[in-house]
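How are the strands, the nonpolar interior and the aromatic side chains of a protein chain arranged with respect to one another? The report below takes up that question for the structure shown here.

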Amino acid sequence: MINYSIEKEYEGMVDAYQKAGGDRNALLGKETARLVIHENRVLDSSGVDGLKIETKETGTGVEVYLVVEEGVRISYPVHLCFGILSKEGLQEIVMKVNAKDNSEVNVIAHCVFPNAAKAIHKMEADIEIGNNARFDYRETHYHGDYGGIEVIPKARVKVGKGGVYQSSMTISQGFVGKLDYDFEVFCQEDGVAELVVKAYGKGHDDIKVWEKIHLDGAGARGLAKSRLVLSDRAKAEVRGETYGNAPDARGHVDCIELVNGTEAVAKAIPIVSVSNDKAKVTHEAAIGSIDKKQVETLMARGLDESEAVDVIVKGILR
C-alpha cells in the first residue's frame, strides 16, 4: 500500500529542492547516490558502488554515515537534501563522513525550509579525509520569506597527507533567519582546506560565521573566505582564524562584508597565528557599502532600487 503522507512529503521536498537550485532529475537517476530527509524521516536513500550511505532515524533527526571506499572515485555528484516543510519543527542531523585514502567525491547538498516560521536545523559533522583523498561539499540553502529559521551547522574535519577538503555554504534566497556557522579543520602534510560562506542578510537576520583552520603539517594550505551582504536591520559577525604550525604552511583569511542601509551592522574578526618561522599566514578584511553607481545604472535600465540591489548581490555571491 502506498503511504500517501510520505509520497506527499517527498514531492514537497523535491519541489523545494528545485527552488533552491537543485536538479530534480538528480534525485531520480539510478547512477547517482542520494539522500532525502524531511524532519526526522528518511524519504529516500541510495548509494552506488564504492560509496555507502547508512542512516538511523532518531526522535529529532537522523544519523548519517557516509563512507567512500579506498581508491574509489565517484563519477557523479552525490545529492543530499535536508529540510522541514512545515512552519515549525526541529531537525538534528548527525553526520559522520569517511573519505578513505586516494578516494574522490563531490557532494551537492540543498537545505530547504520554505515555510519556516519557528524551525531549527542543527547539523554536527565529523569528517575524515584520508591521505591523497578529495572531498568537495557544496551546500545551498532556501529559507523562504518568514525569517523564522535557525540554522546551526558545526563540523570538525581532519585532512590527511595530501588530502583536499573544499566546503561552501550559500544562503541568498529568502531570509537567512539566524545562522551560527562553526567549522574547524586540521590539515596534515600537504593537506588543503578551503572554507567559503556566502550569505545575503535582510530584515532582522542574525549571522555568525566562525571558520578555523589549523595547518599542522609541512606544506599544508588553507583559505577561510566569506562574502556577506547586509540590508535592513541585519547583523553579522565573521571570525576567521588560521594557524600556521608547520614549515612551509600557507594560509589566508579573506572576509568582505557589504552594508546596504543605515541600520545593518557588520563585524569582522580575522585572527592569524604562526608558531613556525617558515610558515606564512595572511588576512584581508573589508567592510563597505554597495556601489551606488551600479545601483543607479541598473535603475536607469528599468529596475527599481530593491531589484537593482538584488541583481548586484547575486553577482557578488555567485
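What follows describes a predicted model, beginning with the sheet and moving on to the cores, the aromatic rings and two individual residues.

**The sheet**

An open sheet of 9 strands runs in the order β3-β4-β6-β8-β10-β12-β14-β16-β18, and its pairing is mixed. The edges are occupied by β3 (51-57) and β18 (265-274), each of which has a single partner strand, so one side of each is left without a neighbour in the sheet. Averaged over the sheet and with direction ignored, neighbouring strands are turned by 5° against each other. Within this order, strand β12 (residues 178-187) and strand β14 (residues 206-215) pair in the parallel sense over 10 bridges, and Phe 186 has His 214 in β14 as its bridge partner.

**The nonpolar cores**

The largest nonpolar core comprises 67 residues, of which Leu 51, Leu 80, Phe 82, Ile 129, Phe 135, Tyr 165 and Ile 207 touch the most other members. A second, separate core has 14 residues, including Tyr 10, Met 13, Ala 16 and Leu 43. Phe 135, from the largest core, is in contact with Val 97, Ala 99, Val 105, Val 107, Ile 129, Val 164, Tyr 165 and Gln 166 when its neighbours within four places in sequence are left aside.

**Aromatic rings and a lysine**

A pair of aromatic rings is described by the distance of the centres and the angle of the planes. The search of the whole structure finds 3 aromatic pairs, and two of these are set out here.

| Pair | Distance of centres | Angle of planes | Arrangement |
|---|---|---|---|
| Phe 135 and Tyr 165 | 6.2 Å | 10° | stacked |
| Tyr 181 and Phe 183 | 4.4 Å | 5° | stacked |

Phe 135 in strand β9 (residues 134-142) and Tyr 165 in strand β11 (residues 164-173) are 30 residues apart, so that their pairing links distant parts of the chain. Both Phe 135 and Tyr 165 are buried, and together with Tyr 137 they form one aromatic cluster. Tyr 181 and Phe 183 are likewise buried, since their relative accessible areas are 1% for Tyr 181 and 4% for Phe 183, under the limit of 20%.

Lys 202 is placed against two aromatic rings: its charged end sits over the ring of Phe 175, 5.6 Å from the centre of that ring, and over the ring of Tyr 200, 4.1 Å from the centre there.

**Two buried polar positions**

Which residues surround His 79, setting aside those up to four places away in sequence? His 79, which lies in strand β5 (residues 78-83), touches Tyr 17, Ala 26, Leu 27, Thr 32, Ala 33, Arg 34, Leu 35 and Ile 108. With a relative accessible area of 8%, His 79 is buried.

Asn 260, in strand β17 (residues 250-260), has a relative accessibility of 17% and therefore counts as buried, the limit being under 20%. Apart from its neighbours within four places in sequence, Asn 260 is in contact with Leu 230, Ser 231, Asp 232, Ile 290, Lys 292 and Val 309.

Terms used. Residues are numbered from 1 along each chain as its sequence is written. This is a predicted model: local features need pLDDT of at least 70, side-chain atom pairs count only at pLDDT 80 or more; totals for chains, interfaces and linings use all residues. Side-chain values use heavy atoms; hydrogens and water are left out. Helices (H or I, at least four residues) and strands (E, at least two) are DSSP runs, numbered from the N terminus. Buried means under 20% relative accessible area, exposed over 50%, partly exposed in between (1.4 Å probe, protein chains only). Contact means heavy atoms within 4.5 Å. A nonpolar core is a set of buried Ala, Val, Leu, Ile, Met, Phe, Trp, Tyr and Cys residues joined through side-chain atoms within 4.5 Å. Rings of Phe, Tyr and Trp (its six-membered ring) pair if their centres lie within 6.5 Å; planes under 30 degrees apart count as stacked, over 60 as edge-to-face and the rest as tilted. A charge sits over a ring if NZ of Lys or CZ of Arg is within 6 Å of the ring centre and within 35 degrees of the ring normal. Two strands pair if DSSP finds at least two bridges between them. Axes are lines fitted to C-alpha atoms, for helices over the stretch in contact, and angles run from 0 to 180 degrees between N-to-C directions.
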